[in-house]
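Thanks for making the time this morning. I would like to walk through one model, and I will try to keep to what can be read from the coordinates and from the database record.

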Amino acid sequence: MARNPNFHFLMGLLLLCCLAAMADAKYAKYKDSKLPLNVRINDLLSQMTLEEKVGQMVQIDRTVASAEVLKKYFIGSVLSGGGSVPAKKASAETWINMVNDFQKGSLSTRLGIPMIYGIDAVHGHNNVYKATIFPHNIGLGATREPELVKRIGAATALEVRATGIPYVFAPCIAVCRDPRWGRCYESYSEDPKVVQAMTEIIPGLQGDIPSNSHKGVPFVAGNKKVAACAKHFVGDGGTTEGINENNTVINRHGLLSIHMPGYYNSIIKGVATVMVSYSSWNGEKMHANRDLVTGFLKDTLRFRGFVISDWEGIDRITSPPHANYSYSIEAGLNAGIDMIMVPFKYKEFIDGLTSKVKNNIIPISRIDDAVKRILRVKFVMGLFENPLADLSLVNQLGSQEHRELAREAVRKSLVLLKNGESADKPLLPLPKKASKILVAGTQADNLGHQCGGWTIEWQGLSGNDLTEGTTILTAIKDTVDSQTKVVYKENPDAAYVKSNDFSYAIVVVGEHSYAETQGDNLNLTIPEPGPSTITNVCGSVKCVVVIISGRPVVIQPYLPSIDALVAAWLPGTEGHGVADVLFGDYGFTGKLPRTWFKTVDQLPMNVGDRHYDPLFPFGFGLTTKPTDKAK
């Protein structure tokens, strides 16, 4: 049989076509970091199936995640909820191995889109054993020092990256208008201007946005930085009586002038993500508020990162939660939420959303908007180029440098509210040399209470075994003269105090640890035996009272017997910062980030209100100078 003369030519052509196809498969535009961002996003989006798109919009908790689950369902993100860790007291290496294992599942999918792992790092890398725990936001608000907060952001980013994680659910830019709210310590201040200034933590976490960057486009400067999340959009700090996840009743002007300003600054600074609030605005759930999430945040403010729900946030659109999940999916997605923190029942969410799209209830354009935003953040932060973590940063976790920074933050966060009966007879700074001093109170030797909620566990812990740190008692012992005898008695009676001839006493009392709804509190009294300790000690000897709390508490009844009063907020692991200032190595400089009320009947009461009659006004804070004799 005669062979077709064109045979060789055709075979050659076929081979060329095959080689070209193979080369094309190897060269995917979206994997080329030299190409413009939008070219990469559109190239990848055009290749994605509906299943792959929906998967990108899902965030699941690590307890239900595995490499197989991520591969099978194309999951876009995994998180650790509060206290959700790979093992108790897990090392940085253990964290890295877990995150990388999940990531390998994502990278083995057809398109190899990396997942993004998120965690609450709200005062340092607070879920992780041996991490530096910084003061909670209320204390940082008292420093009035945005540059300090930026350095804390940078340190936190390094510690989070040390465990292989590239994304944090911080900062909380709530403007807490009522201290009865259980999340008030997560708010820098009742004053939106202070909150705006403190958004400087964002360039600390993410890196400084380049000057030529378009407004609203997310920015993360490589693998020593993390994607941040401004939360909770919007009005979370304004609910009636401070009830968590409740209703903020305020007109649009009030919402925009009190609760929104922090978002303007966050977006200008390139924040990668925004988390929606559980709360409602004038009766409408924020998770279902298209006008604010799409209309204002995305369209007016031109935010180009992704919007994420809170934990089971769409479930809580209905009352009771999850009563009509089909409706919740539709309402949440149509409001403009891009990534859903499911976090457990992901199959139900995937099936529900897929069906809504196939039945044209949720338009594919809404899905494409969500996926583009998620991909934009992943591309911007270099996740495609560096999806796997290595061990190069493990020694950043709880490093001495970061502990020194936290200690500095503690010093600057302390607010001196009273110092002696008159200005010419101050009690502080205390002398380091004394024959015998008393330290009393439940919070003096309790690292857990000193750190507060969101520390190792979601609700925080009591005691000294939770992580590495220094209690205030230990710091006092380290600071006083070696000849000074320090006696610690948690709750002494008055007779004991009187009979012991103490030079002076330091009483450390305050709130127990709490987070979110568990911290909602209508009476704001110091739990017993705190008040008894104050009465027994301060009635018998010269005393300084240090209050460890996430907010102002009832103190007026005890004030006459207290010689000096210090608000120390929730200082974290570095108790030495408290002793540094009590004994005069450094001066007091902190200013109240919120109004200190006389009685809870006055609440809500904020600076600028017509009826403003505080015990200590917003911005109040006595100062002292460092002393030579203290050294």
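**Strands, helices and cysteines**

Strand 16, residues 543-548, and strand 17 pair in the parallel sense, with 5 bridges between them, and I should say at once that this is a predicted model. At one position of that pairing, isoleucine 548 stands opposite tryptophan 569 of strand 17. Strand 17 also has strand 12, residues 415-419, as a partner, and here the two run antiparallel and are joined by 4 bridges, with leucine 416 opposite valine 566. Strand 17, residues 564-569, has 6 of its 6 residues buried, so the rest of the structure largely encloses it. Both of its faces are covered, with Ala564, Val566 and Ala568 buried on one side and Leu565, Ala567 and Trp569 buried on the other.

Let me turn to the other sheet I want to show. It is an open sheet of 5 strands in the order 4-3-2-1-11, with parallel pairing, and its edges are strand 4, residues 167-168, and strand 11, residues 340-341, each of which pairs on one side only. Strands 3 and 4 are joined by 2 bridges, and in that pairing glycine 118 has tyrosine 167 as its bridge partner in strand 4. Helix 5, residues 92-107, lies across strand 2 and strand 3, and runs at about 140° to strand 3.

As for the record, an unreviewed UniProt entry annotates residues 49-377 as "domain: Glycoside hydrolase family 3 N-terminal". In the model, that span is 40% helix and 10% strand, and its end C-alpha atoms lie 20 Å apart.

Where does aspartate 120 sit? Its place is in the loop between strand 3, residues 116-119, and helix 6, residues 137-143. Aspartate 120 has a relative accessible area of 8%, and therefore counts as buried. Leaving aside residues up to four places away in sequence, aspartate 120 touches Ser80, Asn126, Asn127, Phe169, Lys231 and Trp454.

Two helices deserve a word. Helix 7, residues 146-162, reaches 24 Å from its first C-alpha to its last, which is close to the 24 Å expected. Of its 17 residues, 12 are buried, so helix 7 is largely enclosed by the rest of the structure, and the buried ones include Glu159 and Arg161. Just after helix 7, glycine 164 takes a positive phi of about 85°. Just after helix 13, residues 325-335, glycine 336 likewise takes a positive phi, in this case about 120°. The buried residues of helix 13 are covered by elements including helix 12, strand 11, helix 14 and helix 15.

Finally, the cysteines: how many disulfides does the structure hold? There are 2. One joins cysteine 176 to cysteine 184, with an S to S distance of 2.1 Å, and its torsion about the S-S bond is about -105°, so this disulfide is left-handed. The other is formed by cysteine 538 and cysteine 543, again with the sulfur atoms 2.1 Å apart, but the torsion is about 105°, so this disulfide is right-handed. Cysteine 543 is buried, at a relative accessible area of 0%. The sulfur of cysteine 451 is 18 Å from the closest cysteine sulfur, that of cysteine 172, and therefore too far away for a bond.

Technical notes: Residues are numbered from 1 along each chain as its sequence is written. This is a predicted model: local features need pLDDT of at least 70, side-chain atom pairs count only at pLDDT 80 or more; totals for chains, interfaces and linings use all residues. Side-chain values use heavy atoms; hydrogens and water are left out. Buried means under 20% relative accessible area, exposed over 50%, partly exposed in between (1.4 Å probe, protein chains only). Contact means heavy atoms within 4.5 Å. UniProt positions are given in the numbering used here, feature names are shortened, and annotations may be inferred rather than shown by experiment. Two strands pair if DSSP finds at least two bridges between them. Axes are lines fitted to C-alpha atoms, for helices over the stretch in contact, and angles run from 0 to 180 degrees between N-to-C directions. The expected span of a helix is 1.5 Å times one less than its number of residues. A disulfide is a pair of cysteine sulfur atoms within 2.5 Å.
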